[in-house]
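I set out to record what can be looked up in this structure, beginning with a single residue and then turning to the whole chain.

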Amino acid sequence: MTALMVIAAFLVLAVFLGLRARRGRQMTLEQWSVGGRGFGSVFVFVLLAGDIYTTFTFLGASGWAYGQGGPAFYILAYASLAYVLSYWLLPAIWRYAKEHRLITQADFYARKFDSPTLGALVALVGVVAMVPYLVLQLTGMGIIVSSASYGHLSPHTALVIGTLALTGYVTVSGIHGSAWTSVVKDAMILGVVVFLGVYLPVHYAGGIGAMFHRIDAAKPGFLTLPHSGQSPAWFASTVLLSALGFYLWPHTFSASYSAKNTRVFRRNAIVLPLYQLILLFVFFAGFAAILAVPGLKGSDADLSLLRITVKTFNPWFVGLVGAAGLLTALVPGSLLLMASATSLADSVFRLARPQASDETVARLAKALVPVVAAVALLFAFNGGSTLVNLLLMGYALVTQLFPALLFSLPTRRLITKQGAGAGIVAGVATVAAVTLTNSTVGKLLPGLPQSVKDLNVGVIALAVNLVVLFAVSVLTRAVTARRAAAGPTTVPAADSGR
(Lines give C-alpha, C1' and ligand atoms only; values in the text may rest on other atoms or scores of the structure.)
Protein backbone atom coordinates (compact mmCIF):
# COMPACT_ATOMS: atom_id res chain seq x y z
CA MET A 1 0.00 0.00 0.00
CA THR A 2 2.99 2.32 0.49
CA ALA A 3 3.58 2.60 -3.26
CA LEU A 4 -0.10 3.22 -3.92
CA MET A 5 -0.19 6.02 -1.31
CA VAL A 6 2.81 7.75 -2.94
CA ILE A 7 1.13 7.56 -6.37
CA ALA A 8 -2.16 8.86 -4.93
CA ALA A 9 -0.36 11.80 -3.27
CA PHE A 10 1.14 12.89 -6.60
CA LEU A 11 -2.21 12.49 -8.36
CA VAL A 12 -3.79 14.82 -5.79
CA LEU A 13 -0.90 17.28 -6.26
CA ALA A 14 -1.35 17.23 -10.06
CA VAL A 15 -5.08 17.85 -9.81
CA PHE A 16 -4.53 20.64 -7.24
CA LEU A 17 -1.99 22.40 -9.49
CA GLY A 18 -4.19 21.87 -12.53
CA LEU A 19 -7.26 23.40 -10.88
CA ARG A 20 -5.35 26.23 -9.18
CA ALA A 21 -3.75 27.27 -12.49
CA ARG A 22 -6.92 29.08 -13.59
CA ARG A 23 -6.93 31.47 -10.60
CA GLY A 24 -7.20 35.13 -11.55
CA ARG A 25 -8.01 34.43 -15.19
CA GLN A 26 -11.17 34.62 -17.21
CA MET A 27 -11.14 31.43 -19.26
CA THR A 28 -11.94 32.74 -22.74
CA LEU A 29 -11.33 30.41 -25.68
CA GLU A 30 -7.92 32.04 -26.31
CA GLN A 31 -6.92 31.86 -22.63
CA TRP A 32 -8.14 28.26 -22.23
CA SER A 33 -6.55 26.87 -25.41
CA VAL A 34 -3.35 28.90 -26.00
CA GLY A 35 -2.76 30.58 -22.63
CA GLY A 36 -3.48 34.08 -23.95
CA ARG A 37 -0.23 33.77 -26.02
CA GLY A 38 1.75 34.88 -22.97
CA PHE A 39 3.94 31.88 -22.02
CA GLY A 40 7.68 32.41 -21.62
CA SER A 41 10.59 30.06 -22.32
CA VAL A 42 10.04 27.78 -19.30
CA PHE A 43 6.38 26.96 -19.92
CA VAL A 44 6.86 26.60 -23.70
CA PHE A 45 9.89 24.40 -23.02
CA VAL A 46 7.99 22.01 -20.74
CA LEU A 47 4.99 21.94 -23.08
CA LEU A 48 7.08 21.21 -26.18
CA ALA A 49 9.29 18.82 -24.21
CA GLY A 50 6.10 17.02 -23.21
CA ASP A 51 6.44 14.85 -26.31
CA ILE A 52 9.86 13.60 -25.20
CA TYR A 53 8.82 12.26 -21.83
CA THR A 54 5.42 10.61 -22.13
CA THR A 55 4.26 7.14 -21.14
CA PHE A 56 5.64 6.12 -24.52
CA THR A 57 9.09 7.17 -23.33
CA PHE A 58 8.66 5.63 -19.93
CA LEU A 59 7.36 2.25 -21.09
CA GLY A 60 7.58 2.12 -24.90
CA ALA A 61 11.20 3.27 -25.26
CA SER A 62 12.47 0.98 -22.50
CA GLY A 63 10.21 -1.80 -23.85
CA TRP A 64 11.65 -1.46 -27.34
CA ALA A 65 15.21 -1.44 -26.00
CA TYR A 66 14.29 -4.63 -24.15
CA GLY A 67 12.46 -6.35 -27.02
CA GLN A 68 13.99 -4.91 -30.21
CA GLY A 69 17.52 -3.80 -29.30
CA GLY A 70 19.30 -1.53 -31.81
CA PRO A 71 16.20 -0.32 -33.73
CA ALA A 72 15.01 1.40 -30.53
CA PHE A 73 17.56 4.15 -31.11
CA TYR A 74 15.32 5.65 -33.81
CA ILE A 75 13.44 7.20 -30.86
CA LEU A 76 16.56 9.15 -29.89
CA ALA A 77 17.24 10.31 -33.46
CA TYR A 78 13.94 11.68 -34.74
CA ALA A 79 13.22 14.31 -32.10
CA SER A 80 16.73 15.76 -32.41
CA LEU A 81 16.14 16.23 -36.14
CA ALA A 82 12.72 17.74 -35.42
CA TYR A 83 14.24 20.37 -33.11
CA VAL A 84 16.55 21.49 -35.91
CA LEU A 85 13.48 21.98 -38.14
CA SER A 86 11.70 23.87 -35.36
CA TYR A 87 14.33 26.63 -35.40
CA TRP A 88 12.90 27.87 -38.72
CA LEU A 89 9.44 26.30 -38.81
CA LEU A 90 7.87 27.37 -35.51
CA PRO A 91 8.65 31.13 -35.73
CA ALA A 92 6.93 31.25 -39.16
CA ILE A 93 3.88 29.42 -37.81
CA TRP A 94 3.75 31.58 -34.65
CA ARG A 95 3.96 34.90 -36.52
CA TYR A 96 1.10 33.94 -38.84
CA ALA A 97 -1.01 32.58 -35.96
CA LYS A 98 -0.50 35.75 -33.89
CA GLU A 99 -1.26 38.07 -36.81
CA HIS A 100 -4.57 36.28 -37.49
CA ARG A 101 -5.30 35.34 -33.83
CA LEU A 102 -5.58 31.64 -34.63
CA ILE A 103 -6.53 29.08 -31.97
CA THR A 104 -6.06 25.65 -33.54
CA GLN A 105 -3.87 23.92 -36.09
CA ALA A 106 -6.89 23.60 -38.39
CA ASP A 107 -7.34 27.40 -38.26
CA PHE A 108 -3.86 27.76 -39.76
CA TYR A 109 -4.69 25.65 -42.83
CA ALA A 110 -8.16 27.20 -43.19
CA ARG A 111 -6.70 30.73 -43.18
CA LYS A 112 -3.66 29.95 -45.34
CA PHE A 113 -5.77 28.33 -48.07
CA ASP A 114 -8.87 30.47 -47.48
CA SER A 115 -10.91 27.28 -47.07
CA PRO A 116 -12.90 26.39 -43.91
CA THR A 117 -13.60 23.01 -45.50
CA LEU A 118 -9.88 22.24 -45.66
CA GLY A 119 -9.63 23.39 -42.02
CA ALA A 120 -12.37 20.93 -41.04
CA LEU A 121 -10.57 18.13 -42.93
CA VAL A 122 -7.31 18.91 -41.10
CA ALA A 123 -9.18 18.95 -37.77
CA LEU A 124 -10.70 15.53 -38.43
CA VAL A 125 -7.38 14.02 -39.54
CA GLY A 126 -5.73 15.49 -36.44
CA VAL A 127 -8.36 14.08 -34.09
CA VAL A 128 -8.21 10.64 -35.75
CA ALA A 129 -4.40 10.66 -35.43
CA MET A 130 -4.56 11.79 -31.81
CA VAL A 131 -6.87 8.96 -30.73
CA PRO A 132 -4.15 6.25 -30.86
CA TYR A 133 -1.75 8.68 -29.16
CA LEU A 134 -4.27 9.38 -26.38
CA VAL A 135 -5.02 5.66 -26.09
CA LEU A 136 -1.27 5.13 -25.71
CA GLN A 137 -1.16 7.60 -22.79
CA LEU A 138 -4.18 6.08 -21.04
CA THR A 139 -3.05 2.49 -21.61
CA GLY A 140 0.39 3.35 -20.29
CA MET A 141 -1.10 5.10 -17.26
CA GLY A 142 -3.15 2.01 -16.38
CA ILE A 143 -0.11 -0.26 -16.73
CA ILE A 144 2.14 2.01 -14.67
CA VAL A 145 -0.23 2.57 -11.76
CA SER A 146 -1.34 -1.07 -11.59
CA SER A 147 2.22 -2.45 -11.72
CA ALA A 148 3.69 0.14 -9.36
CA SER A 149 0.88 -0.43 -6.85
CA TYR A 150 1.76 -4.18 -6.80
CA GLY A 151 -1.65 -4.98 -8.32
CA HIS A 152 -3.71 -3.23 -5.61
CA LEU A 153 -5.41 -1.38 -8.48
CA SER A 154 -6.32 -3.12 -11.74
CA PRO A 155 -5.16 -1.38 -14.97
CA HIS A 156 -8.79 -0.59 -15.87
CA THR A 157 -9.54 0.97 -12.46
CA ALA A 158 -6.34 3.03 -12.59
CA LEU A 159 -7.20 4.08 -16.12
CA VAL A 160 -10.68 5.31 -15.13
CA ILE A 161 -9.43 7.24 -12.06
CA GLY A 162 -6.63 8.89 -14.02
CA THR A 163 -8.95 9.81 -16.90
CA LEU A 164 -11.47 11.41 -14.53
CA ALA A 165 -8.72 13.51 -12.90
CA LEU A 166 -7.36 14.50 -16.29
CA THR A 167 -10.76 15.44 -17.66
CA GLY A 168 -11.54 17.55 -14.59
CA TYR A 169 -8.56 19.86 -14.62
CA VAL A 170 -8.44 20.17 -18.42
CA THR A 171 -12.07 21.29 -18.49
CA VAL A 172 -11.49 23.85 -15.72
CA SER A 173 -8.02 25.25 -16.48
CA GLY A 174 -7.16 24.30 -20.07
CA ILE A 175 -3.53 24.73 -21.11
CA HIS A 176 -2.64 26.55 -17.85
CA GLY A 177 -3.26 23.31 -15.93
CA SER A 178 -1.11 21.37 -18.41
CA ALA A 179 1.74 23.88 -18.09
CA TRP A 180 1.90 23.75 -14.27
CA THR A 181 1.71 19.96 -14.06
CA SER A 182 4.40 19.81 -16.79
CA VAL A 183 6.87 21.56 -14.49
CA VAL A 184 6.42 18.91 -11.77
CA LYS A 185 6.44 16.10 -14.32
CA ASP A 186 9.71 17.14 -15.97
CA ALA A 187 11.48 17.62 -12.62
CA MET A 188 10.39 14.18 -11.43
CA ILE A 189 11.09 12.32 -14.65
CA LEU A 190 14.58 13.76 -14.89
CA GLY A 191 15.52 12.56 -11.42
CA VAL A 192 13.91 9.13 -11.75
CA VAL A 193 15.15 8.32 -15.28
CA VAL A 194 18.76 9.38 -14.71
CA PHE A 195 18.93 7.44 -11.45
CA LEU A 196 17.46 4.26 -12.96
CA GLY A 197 19.64 4.52 -16.08
CA VAL A 198 22.82 4.70 -14.00
CA TYR A 199 21.96 2.49 -11.03
CA LEU A 200 20.42 -0.53 -12.80
CA PRO A 201 23.33 -1.26 -15.22
CA VAL A 202 25.82 -0.87 -12.36
CA HIS A 203 23.74 -3.05 -10.03
CA TYR A 204 23.12 -5.91 -12.49
CA ALA A 205 26.19 -5.81 -14.76
CA GLY A 206 28.86 -3.72 -13.05
CA GLY A 207 28.52 -0.77 -15.43
CA ILE A 208 26.99 0.44 -18.70
CA GLY A 209 29.83 -0.88 -20.88
CA ALA A 210 29.84 -4.24 -19.12
CA MET A 211 26.07 -4.47 -19.56
CA PHE A 212 26.34 -4.08 -23.35
CA HIS A 213 29.14 -6.65 -23.52
CA ARG A 214 26.98 -9.20 -21.67
CA ILE A 215 23.94 -8.54 -23.89
CA ASP A 216 26.04 -8.81 -27.06
CA ALA A 217 27.54 -12.09 -25.86
CA ALA A 218 24.12 -13.53 -25.00
CA LYS A 219 22.28 -12.18 -28.08
CA PRO A 220 24.75 -11.53 -30.96
CA GLY A 221 23.50 -8.86 -33.39
CA PHE A 222 20.73 -7.71 -31.02
CA LEU A 223 22.28 -4.25 -30.57
CA THR A 224 22.62 -3.55 -34.32
CA LEU A 225 20.11 -3.08 -37.15
CA PRO A 226 19.15 -6.30 -38.98
CA HIS A 227 19.55 -6.65 -42.78
CA SER A 228 15.77 -6.89 -43.35
CA GLY A 229 12.69 -5.75 -41.49
CA GLN A 230 13.92 -3.07 -39.08
CA SER A 231 16.86 -2.49 -41.41
CA PRO A 232 18.78 0.77 -42.06
CA ALA A 233 16.10 1.67 -44.67
CA TRP A 234 13.36 1.23 -42.07
CA PHE A 235 15.40 3.21 -39.51
CA ALA A 236 16.07 6.16 -41.84
CA SER A 237 12.50 6.33 -43.18
CA THR A 238 11.00 6.09 -39.68
CA VAL A 239 13.29 8.83 -38.36
CA LEU A 240 12.37 11.05 -41.33
CA LEU A 241 8.64 10.42 -40.98
CA SER A 242 8.62 11.02 -37.23
CA ALA A 243 10.76 14.19 -37.51
CA LEU A 244 8.47 15.70 -40.16
CA GLY A 245 5.40 14.83 -38.12
CA PHE A 246 6.79 15.91 -34.74
CA TYR A 247 5.22 19.39 -34.77
CA LEU A 248 2.20 18.33 -36.84
CA TRP A 249 0.42 16.87 -33.82
CA PRO A 250 -2.46 19.31 -33.23
CA HIS A 251 -1.63 19.66 -29.51
CA THR A 252 2.05 20.47 -30.23
CA PHE A 253 1.20 22.76 -33.13
CA SER A 254 -1.28 24.81 -31.10
CA ALA A 255 0.99 24.77 -28.01
CA SER A 256 3.46 26.79 -30.09
CA TYR A 257 0.82 29.57 -30.29
CA SER A 258 1.19 30.09 -26.51
CA ALA A 259 4.70 31.60 -26.80
CA LYS A 260 5.05 35.33 -26.28
CA ASN A 261 7.73 35.82 -28.98
CA THR A 262 9.82 33.89 -31.55
CA ARG A 263 13.01 33.97 -29.43
CA VAL A 264 11.37 31.36 -27.19
CA PHE A 265 11.46 28.79 -30.02
CA ARG A 266 15.05 29.48 -31.00
CA ARG A 267 16.30 29.14 -27.43
CA ASN A 268 14.37 25.88 -27.03
CA ALA A 269 15.67 24.55 -30.39
CA ILE A 270 19.19 24.87 -28.98
CA VAL A 271 18.47 23.31 -25.57
CA LEU A 272 15.99 20.54 -26.43
CA PRO A 273 18.44 18.27 -28.36
CA LEU A 274 20.61 18.19 -25.23
CA TYR A 275 17.56 17.47 -23.09
CA GLN A 276 16.73 14.62 -25.49
CA LEU A 277 19.94 12.84 -24.47
CA ILE A 278 18.25 11.95 -21.17
CA LEU A 279 16.43 9.31 -23.21
CA LEU A 280 19.65 7.31 -23.23
CA PHE A 281 19.07 6.55 -19.56
CA VAL A 282 15.64 5.10 -20.38
CA PHE A 283 17.31 2.80 -22.89
CA PHE A 284 19.94 1.79 -20.32
CA ALA A 285 17.16 0.80 -17.89
CA GLY A 286 15.44 -1.25 -20.64
CA PHE A 287 18.69 -3.00 -21.59
CA ALA A 288 19.45 -3.74 -17.92
CA ALA A 289 16.03 -5.42 -17.66
CA ILE A 290 17.16 -7.99 -20.27
CA LEU A 291 19.61 -9.28 -17.68
CA ALA A 292 17.38 -8.90 -14.61
CA VAL A 293 13.89 -9.92 -15.81
CA PRO A 294 14.33 -12.00 -19.00
CA GLY A 295 11.53 -13.69 -20.90
CA LEU A 296 9.00 -10.88 -21.48
CA LYS A 297 7.40 -11.34 -24.92
CA GLY A 298 5.26 -9.15 -27.22
CA SER A 299 3.46 -6.26 -25.51
CA ASP A 300 4.75 -7.52 -22.11
CA ALA A 301 8.11 -5.99 -23.10
CA ASP A 302 6.52 -2.61 -22.29
CA LEU A 303 6.52 -3.75 -18.64
CA SER A 304 10.27 -4.29 -18.50
CA LEU A 305 11.12 -1.03 -16.70
CA LEU A 306 8.43 -1.55 -14.08
CA ARG A 307 9.29 -5.22 -13.55
CA ILE A 308 12.95 -4.47 -12.90
CA THR A 309 11.99 -1.55 -10.63
CA VAL A 310 9.67 -3.72 -8.52
CA LYS A 311 12.34 -6.44 -8.32
CA THR A 312 15.10 -4.04 -7.26
CA PHE A 313 13.69 -1.32 -4.98
CA ASN A 314 11.62 -0.78 -1.86
CA PRO A 315 7.90 0.00 -2.28
CA TRP A 316 8.24 3.72 -1.49
CA PHE A 317 10.69 4.19 -4.38
CA VAL A 318 8.51 2.04 -6.66
CA GLY A 319 5.68 4.43 -5.77
CA LEU A 320 7.88 7.37 -6.75
CA VAL A 321 8.62 5.75 -10.13
CA GLY A 322 4.91 5.04 -10.57
CA ALA A 323 4.06 8.66 -9.75
CA ALA A 324 6.57 9.91 -12.33
CA GLY A 325 5.01 7.54 -14.87
CA LEU A 326 1.52 8.78 -13.97
CA LEU A 327 2.56 12.38 -14.64
CA THR A 328 4.03 11.40 -18.03
CA ALA A 329 0.52 10.30 -18.99
CA LEU A 330 -1.41 13.21 -17.48
CA VAL A 331 0.49 16.06 -19.16
CA PRO A 332 0.46 14.94 -22.83
CA GLY A 333 -2.97 13.41 -22.25
CA SER A 334 -4.32 16.79 -21.14
CA LEU A 335 -2.87 18.54 -24.22
CA LEU A 336 -4.28 15.86 -26.53
CA LEU A 337 -7.72 16.10 -24.96
CA MET A 338 -7.78 19.88 -25.18
CA ALA A 339 -6.50 20.01 -28.77
CA SER A 340 -9.02 17.38 -29.93
CA ALA A 341 -11.97 19.13 -28.29
CA THR A 342 -10.91 22.59 -29.52
CA SER A 343 -10.36 21.35 -33.09
CA LEU A 344 -13.79 19.77 -33.25
CA ALA A 345 -15.52 22.83 -31.75
CA ASP A 346 -13.58 25.57 -33.53
CA SER A 347 -13.09 24.02 -36.96
CA VAL A 348 -15.80 21.41 -37.52
CA PHE A 349 -18.69 23.00 -35.57
CA ARG A 350 -17.89 26.45 -36.95
CA LEU A 351 -18.05 25.09 -40.50
CA ALA A 352 -21.72 24.29 -39.84
CA ARG A 353 -22.38 27.40 -37.69
CA PRO A 354 -20.12 30.19 -38.97
CA GLN A 355 -21.90 32.80 -36.82
CA ALA A 356 -21.15 30.99 -33.55
CA SER A 357 -19.49 33.29 -31.00
CA ASP A 358 -16.17 32.53 -29.27
CA GLU A 359 -18.13 32.01 -26.01
CA THR A 360 -20.30 29.34 -27.64
CA VAL A 361 -17.25 27.60 -29.16
CA ALA A 362 -15.43 27.71 -25.80
CA ARG A 363 -18.40 26.13 -23.99
CA LEU A 364 -18.67 23.43 -26.66
CA ALA A 365 -14.93 22.70 -26.54
CA LYS A 366 -15.06 22.22 -22.75
CA ALA A 367 -18.15 20.01 -23.10
CA LEU A 368 -16.37 17.86 -25.69
CA VAL A 369 -13.42 17.12 -23.36
CA PRO A 370 -15.23 14.30 -21.46
CA VAL A 371 -16.67 12.98 -24.74
CA VAL A 372 -13.23 12.60 -26.35
CA ALA A 373 -11.90 11.11 -23.10
CA ALA A 374 -14.72 8.52 -23.06
CA VAL A 375 -13.98 7.49 -26.68
CA ALA A 376 -10.27 7.11 -25.91
CA LEU A 377 -11.13 5.13 -22.78
CA LEU A 378 -13.25 2.75 -24.84
CA PHE A 379 -10.36 2.13 -27.27
CA ALA A 380 -7.94 1.74 -24.36
CA PHE A 381 -10.13 -1.00 -22.84
CA ASN A 382 -10.13 -2.90 -26.12
CA GLY A 383 -6.59 -2.13 -27.31
CA GLY A 384 -3.92 -4.77 -27.79
CA SER A 385 -1.09 -3.19 -29.75
CA THR A 386 2.28 -2.39 -28.24
CA LEU A 387 2.82 1.25 -27.29
CA VAL A 388 5.34 1.89 -30.06
CA ASN A 389 2.98 0.53 -32.72
CA LEU A 390 0.23 2.88 -31.53
CA LEU A 391 2.60 5.83 -31.77
CA LEU A 392 3.89 4.87 -35.23
CA MET A 393 0.33 4.63 -36.56
CA GLY A 394 -0.49 8.11 -35.23
CA TYR A 395 2.69 9.54 -36.76
CA ALA A 396 1.93 7.97 -40.15
CA LEU A 397 -1.45 9.74 -40.13
CA VAL A 398 -0.48 13.15 -38.81
CA THR A 399 2.56 13.47 -41.11
CA GLN A 400 0.20 13.55 -44.07
CA LEU A 401 -0.44 17.20 -43.10
CA PHE A 402 3.21 18.15 -43.66
CA PRO A 403 3.27 18.72 -47.48
CA ALA A 404 0.33 21.16 -47.35
CA LEU A 405 1.98 23.02 -44.45
CA LEU A 406 5.34 23.23 -46.22
CA PHE A 407 3.90 24.56 -49.47
CA SER A 408 1.70 27.09 -47.65
CA LEU A 409 4.70 28.94 -46.19
CA PRO A 410 6.15 30.74 -49.28
CA THR A 411 4.61 34.08 -50.19
CA ARG A 412 3.80 32.76 -53.67
CA ARG A 413 1.30 29.94 -53.32
CA LEU A 414 2.66 26.81 -54.97
CA ILE A 415 -0.39 24.55 -54.59
CA THR A 416 -4.17 24.93 -54.57
CA LYS A 417 -6.52 24.20 -51.69
CA GLN A 418 -8.03 21.36 -53.75
CA GLY A 419 -4.55 19.88 -54.22
CA ALA A 420 -3.77 20.21 -50.50
CA GLY A 421 -7.02 18.50 -49.52
CA ALA A 422 -6.72 15.71 -52.12
CA GLY A 423 -3.11 15.00 -51.06
CA ILE A 424 -4.11 14.72 -47.39
CA VAL A 425 -7.03 12.40 -48.23
CA ALA A 426 -4.85 10.19 -50.47
CA GLY A 427 -2.09 9.95 -47.84
CA VAL A 428 -4.47 9.14 -44.98
CA ALA A 429 -6.33 6.59 -47.14
CA THR A 430 -3.03 4.85 -47.94
CA VAL A 431 -2.08 4.66 -44.25
CA ALA A 432 -5.56 3.42 -43.30
CA ALA A 433 -5.64 0.76 -46.04
CA VAL A 434 -2.23 -0.63 -45.16
CA THR A 435 -2.88 -0.51 -41.40
CA LEU A 436 -6.34 -2.08 -41.51
CA THR A 437 -5.16 -4.92 -43.77
CA ASN A 438 -2.03 -5.39 -41.64
CA SER A 439 0.04 -5.06 -44.82
CA THR A 440 3.56 -3.86 -45.42
CA VAL A 441 5.28 -2.61 -48.54
CA GLY A 442 7.05 -5.98 -48.74
CA LYS A 443 3.77 -7.92 -48.62
CA LEU A 444 2.11 -5.74 -51.26
CA LEU A 445 5.07 -5.65 -53.66
CA PRO A 446 7.33 -8.62 -52.89
CA GLY A 447 9.41 -8.12 -56.06
CA LEU A 448 10.87 -4.79 -54.90
CA PRO A 449 14.42 -4.49 -53.51
CA GLN A 450 14.65 -5.24 -49.77
CA SER A 451 15.55 -1.64 -48.91
CA VAL A 452 12.30 -0.41 -50.52
CA LYS A 453 10.19 -3.16 -48.93
CA ASP A 454 11.47 -2.11 -45.50
CA LEU A 455 10.44 1.54 -45.85
CA ASN A 456 8.00 2.85 -43.25
CA VAL A 457 4.52 2.82 -44.74
CA GLY A 458 4.03 6.44 -43.69
CA VAL A 459 6.78 7.49 -46.11
CA ILE A 460 5.08 5.61 -48.94
CA ALA A 461 1.82 7.36 -48.04
CA LEU A 462 3.70 10.67 -48.05
CA ALA A 463 4.91 9.97 -51.60
CA VAL A 464 1.33 9.19 -52.70
CA ASN A 465 0.22 12.38 -50.96
CA LEU A 466 2.76 14.49 -52.90
CA VAL A 467 1.90 13.00 -56.30
CA VAL A 468 -1.83 13.61 -55.80
CA LEU A 469 -1.21 17.08 -54.32
CA PHE A 470 0.74 18.30 -57.37
CA ALA A 471 -1.49 16.53 -59.93
CA VAL A 472 -4.70 18.03 -58.50
CA SER A 473 -3.07 21.46 -58.09
CA VAL A 474 -2.02 21.52 -61.75
CA LEU A 475 -5.47 20.38 -62.83
CA THR A 476 -7.39 22.89 -60.70
CA ARG A 477 -5.13 25.76 -61.73
CA ALA A 478 -5.83 24.93 -65.38
CA VAL A 479 -9.59 24.80 -64.75
CA THR A 480 -9.46 28.10 -62.85
CA ALA A 481 -7.45 29.73 -65.63
CA ARG A 482 -9.96 28.60 -68.26
CA ARG A 483 -12.89 29.92 -66.20
CA ALA A 484 -11.10 33.21 -65.66
CA ALA A 485 -10.48 33.52 -69.40
CA ALA A 486 -14.18 32.82 -70.07
CA GLY A 487 -15.31 35.69 -67.84
CA PRO A 488 -14.88 36.97 -64.27
CA THR A 489 -18.49 36.27 -63.24
CA THR A 490 -18.03 32.53 -63.79
CA VAL A 491 -15.17 32.23 -61.31
CA PRO A 492 -16.12 31.59 -57.66
CA ALA A 493 -14.26 34.14 -55.54
CA ALA A 494 -13.02 31.54 -53.06
CA ASP A 495 -11.30 29.54 -55.80
CA SER A 496 -9.56 32.34 -57.64
CA GLY A 497 -5.81 32.15 -57.49
CA ARG A 498 -5.84 28.98 -55.34
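**Entry 1: one residue.** I looked up Thr-104 in this predicted model and asked whether the residue is buried or exposed. Its relative accessibility is 2%. Because buried means under 20%, Thr-104 counts as buried.

I then located Thr-104 along the chain: the residue sits in the loop that runs between α5 (74–100) and α6 (105–112).

**Entry 2: its surroundings.** Which residues does Thr-104 touch, leaving aside those up to four places away in sequence? I noted Ser-254, Tyr-257, Thr-342, Ser-343, Asp-346 and Ser-347. With Ser-347 there is a polar contact between the two side chains, at 3.5 Å. I also found that the side chain of Thr-104 reaches the backbone nitrogen of Asp-107, at 3.1 Å.

**Entry 3: the fold.** I turned to the protein chain and noted 23 helices and zero strands. Of its 498 residues, 58% count as buried. I looked up contacts between residues at least 6 apart in sequence, and 84% of these join residues at least 24 apart.

**Entry 4: dimensions.** The C-alpha trace spans about 80 × 65 × 40 Å along its principal axes. I compared the radius of gyration, 23 Å, with the value near 23 Å that a compact globule of 498 residues would have, and the two agree.

**Entry 5: surface and charge.** I recorded an accessible surface of about 19,200 Å², with 67% of it belonging to carbon and sulfur atoms. The chain carries 33 positive and 14 negative side chains. The centres of these two sets lie 3 Å apart.

Key
Residues numbered from 1 in each chain as written. Predicted model: local features only at pLDDT ≥ 70, side-chain atom pairs only at ≥ 80, totals over all residues. Heavy atoms only, no water. Helix = DSSP H or I, 4+ residues; strand = E, 2+ residues; numbered from the N terminus. Rg over C-alpha atoms; globule rule 2.2 N^0.38 Å. Buried < 20%, exposed > 50% of the residue type's maximum accessible area, 1.4 Å probe, protein only. Contact = heavy atoms within 4.5 Å. Areas by Shrake-Rupley, 256 points an atom, 1.4 Å probe, with all protein chains shown as cover. Lys, Arg positive; Asp, Glu negative; His and termini not counted. Charge placed at Lys NZ, Arg CZ, Asp CG, Glu CD. Polar contact = N/O pair within 3.5 Å; in protein donor to acceptor, adjacent residues only side chain to side chain.
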